[in-house]
Amino acid sequence: MREHSELGVGVLLLVLGVLVLTDALTMDVDITQRGPVGPRTVPVAVGIGLLVVAVLLAVDVLRGGRGEAEGGEDVDLDEPADRRTVALLTGVFLAFAALIGPLGFPISGALLFWGSAYALGSRHHDRDPLIAAGLSLVTYFVFDNLLGVPLPGGPLMGVL
């Protein structure tokens, strides 16, 4: 079975397709539908697409097709993974998730952007916090004011 390990991806796609189709077809649609396209159309198309790709992948694997290993143009595949960077990014995202409620998006977003830049190797300690704060404020204003997606303002709610 080791030579047909790609079948696991096919099974995953099959299960996901069945799940999406089941959810789409059991969706409770209370609104009146205008025209042929309703709220079920896209999920049904995605579910059918997942099923088709799962079947085509399984047929290809059973006929002897194999996925090629990643060549990695600019990545040295012999080097070990950078666990420090992954751990720092994980910590930054978990801190963001924990702090967005009490501090709001502008402050926690600035910490997220600055922490991500630091974890990925930027060492401009004078410039990075300013860019992170600006990016966080612009993101907050775009989502909150232009798109109408309310983000928590935290202590800056009255100021912004």
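**Exercise 1. Contacts of Leu 112**

Task: Find which residues Leu 112 is in contact with, leaving aside its neighbours within four places in sequence, and then work out which nonpolar core Leu 112 belongs to.

Solution. Keep in mind that you're working with a predicted model.
- Step 1: Drop the neighbours within four places in sequence, and Leu 112 is in contact with Val 92, Phe 93 and Phe 96.
- Step 2: Now look for the largest nonpolar core, which is made up of Val 92, Phe 96, Phe 105, Leu 112, Tyr 140 and Leu 151, 6 residues in all. Leu 112 is one of them.
- Step 3: Ask who supplies this core, and you'll land on H3, which gives the most, with 4 residues.

**Exercise 2. How H3 meets H4**

Task: Describe the packing of H3 and H4 by angle, axis distance and handedness, then list who touches whom.

Solution.
- Step 1: Start with what you need: two packed helices are described by the angle between their axes and the distance between the axes.
- Step 2: Helix H3 covers residues 83-119 and helix H4 covers residues 128-146; they pack at an angle of about 135 degrees, with axes 8 Å apart. That makes H3 oblique to H4.
- Step 3: Check the handedness: the crossing of H3 and H4 is right-handed.
- Step 4: From H3, go through Phe 105, Pro 106, Gly 109, Ala 110, Phe 113, Trp 114 and Ala 117. Their partners in H4 are Asp 128, Pro 129, Ala 132, Ala 133, Leu 135, Ser 136, Leu 137, Thr 139 and Tyr 140.
- Step 5: Sort these by class, and the contact of H3 with H4 comes out at 12 nonpolar, 3 polar and 1 charged residues.

**Exercise 3. One residue from the H4 side**

Task: Is Leu 137 buried or exposed, or something in between?

Solution.
- Step 1: Place Leu 137 in helix H4.
- Step 2: Read off a relative accessible area of 31% for Leu 137. Buried means under 20% and exposed over 50%, so Leu 137 is partly exposed.
- Step 3: For a distance across the chain, try Ile 107: Leu 137 and Ile 107 are 30 residues apart along the chain, with their C-alpha atoms separated by 8.6 Å.

**Exercise 4. Three residues to place and classify**

Task: For Thr 85, Ala 54 and Glu 6, say where each one sits, then give accessibility and contacts, not counting residues up to four places away in sequence.

Solution.
- Step 1, Thr 85: This one lies in helix H3. Thr 85 has a relative accessible area of 15%, so call it buried. Thr 85 touches Ala 119 and Leu 120.
- Step 2, Ala 54: Go to helix H2, residues 41-62. Ala 54 is buried too, with a relative accessible area of 3%. Its contacts are Gly 10, Leu 13 and Leu 14. Ala 54 and Leu 12 are 42 residues apart in sequence but 8.1 Å apart in space, C-alpha to C-alpha.
- Step 3, Glu 6: Look in the segment before helix H1 (7-25). At 18% relative accessibility, Glu 6 counts as buried. Glu 6 touches Leu 57, Val 61, Arg 66 and Gly 67.

**Exercise 5. Stepping back**

Task: What pattern does the protein follow along the sequence, and what percentage of its 160 residues count as buried?

Solution.
- Step 1: Count the elements, and you get 4 helices and 0 strands.
- Step 2: Read along the sequence, and that gives the pattern α-α-α-α.
- Step 3: Of the 160 residues, 22% count as buried.
- Step 4: Finish with the contacts between residues at least 6 apart in sequence: 56% of these join residues at least 24 apart.

How values were computed
Residues are numbered from 1 along each chain as its sequence is written. This is a predicted model: local features need pLDDT of at least 70, side-chain atom pairs count only at pLDDT 80 or more; totals for chains, interfaces and linings use all residues. Side-chain values use heavy atoms; hydrogens and water are left out. Axes are lines fitted to C-alpha atoms, for helices over the stretch in contact, and angles run from 0 to 180 degrees between N-to-C directions. Helices (H or I, at least four residues) and strands (E, at least two) are DSSP runs, numbered from the N terminus. Angles under 35 degrees count as roughly parallel, over 145 as roughly antiparallel, 65 to 115 as roughly perpendicular and the rest as oblique. A crossing is left-handed if the near helix is turned anticlockwise from the far one by less than a right angle, and right-handed if clockwise. Contact means heavy atoms within 4.5 Å. Ala, Val, Leu, Ile, Met, Phe, Trp, Tyr, Cys and Pro count as nonpolar, Asp, Glu, Lys and Arg as charged, and the others, Gly among them, as polar. A nonpolar core is a set of buried Ala, Val, Leu, Ile, Met, Phe, Trp, Tyr and Cys residues joined through side-chain atoms within 4.5 Å. Buried means under 20% relative accessible area, exposed over 50%, partly exposed in between (1.4 Å probe, protein chains only).
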